[in-house]
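Please open the model in your viewer and keep the sequence alongside, so that each selection can be followed in both. The tour moves from one group of elements to the next.

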Amino acid sequence: MTEKVKTMAEWAAEGNTPEILFWVGCAGSFDDRAKRITKSLASILQKAGITFGILGTEESCTGDPAKRAGNEFLFQMMAMQNIQILNGYGIKKIVTACPHCFNTLKNEYPELGGDYQVVHHSQLIDELLKSNQLRIEGGSFKGKKITYHDPCYLGRANGVYEAPRAVIEALDVDLVEMKRSKAKGLCCGAGGAQMFKEPEKGHKDINIERTEEALATGSEIIAAACPFCNVMMTDGVKNKEKEQEVKVLDIAELINASL
């Protein structure tokens, strides 16, 4: 059970600043499935003894979907509003469980005046495990076959391939790679604002193709590191009527369940 998480406004009212800002993101705030990932990450940070805050109602969408859909004006408006709030609190370091937020905050905010150290939750969890701030006990996943799906905005866009794998391997599991992985990984079909529109006409949806590759590994768990990938892979597993045998879990959920 996670303890109450303080907002940056509450930290500021006490005259304190936490080590890190947890950027929750739209999916992590509003999507019921993604909320479980948010709670898992909050619980991990608390167990590691890291002081952190959230923006709460002051947090707005990073503007990633607007930018990807071609509305640069809307993106810049949203970004400037967020940057004003972040700079107002003197934010230095940000962690997020969403590769889309990660990519936007890390690579697209600096030119608009928002310069922060941005880490994806897989990188932070990897650091915490290596520094022994987190200790995994009793492997409920020990020996299980797990395959990991690379999110486009974490992998190909930012070259983060090893941290999520190191986190999964810390669970003492059998990590099986899909035929297309790392730099050659296949998109789940949700990136570039595609999440919010109907698929175009074709022979097969991308998420079905990707789920077939994951199921072909014979894994019991498909590990994800992005709330959008999680939705797409879960839908794919349901489409194949395999939801009883195969679970789609975020790496934060895997680690939190093992602490």
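Begin by selecting residues 145-148, strand E5, together with residues 174-175, strand E6; in this predicted model the two strands pair in the parallel sense over two bridges. Within that pairing, Ile146 has Leu175 of E6 as its bridge partner. Now add residues 162-169, helix H8, and you will have E5, H8 and E6 on display, which make a right-handed β-α-β unit.

Keep E5 selected and add strand E7, residues 221-224, which pairs with E5 in the parallel sense over three bridges. Here the residue to pick out is Thr147, whose bridge partner in E7 is Ile222.

Next, select helix H9 (residues 206-215) and helix H10 (residues 227-239), whose axes come within 8 Å and cross at roughly 75 degrees; the two helices are therefore roughly perpendicular to each other. To see the contact itself, show Asn207, Ile208, Arg210, Thr211 and Ala214 in H9, which meet Met232, Met233, Asp235, Gly236, Val237 and Asn239 in H10. The residues of this contact divide into five nonpolar, four polar and two charged.

Finally, turn to the open sheet formed by four strands in the order E2-E1-E3-E4, with parallel pairing. Its edge strands, each pairing on one side only, are E2 (52-53) and E4 (117-120). Strand E1, residues 20-23, pairs with E2 over two bridges in the parallel sense, and Leu21 has Gly53 in E2 as its bridge partner. Add helix H3, residues 32-47, which packs on the sheet and touches E1, E2 and strand E3 (93-96), its direction making about 165 degrees with that of E1.

Definitions and conventions: Residues numbered from 1 in each chain as written. Predicted model: local features only at pLDDT ≥ 70, side-chain atom pairs only at ≥ 80, totals over all residues. Heavy atoms only, no water. Pairing = 2+ DSSP bridges. Contact = heavy atoms within 4.5 Å. Axes fitted to C-alpha atoms, helices over the stretch in contact; angles between N-to-C directions. Parallel < 35°, antiparallel > 145°, perpendicular 65-115°, else oblique. Nonpolar A, V, L, I, M, F, W, Y, C, P; charged D, E, K, R; others polar. Right-handed = clockwise from strand over helix to strand, strands pointing away.
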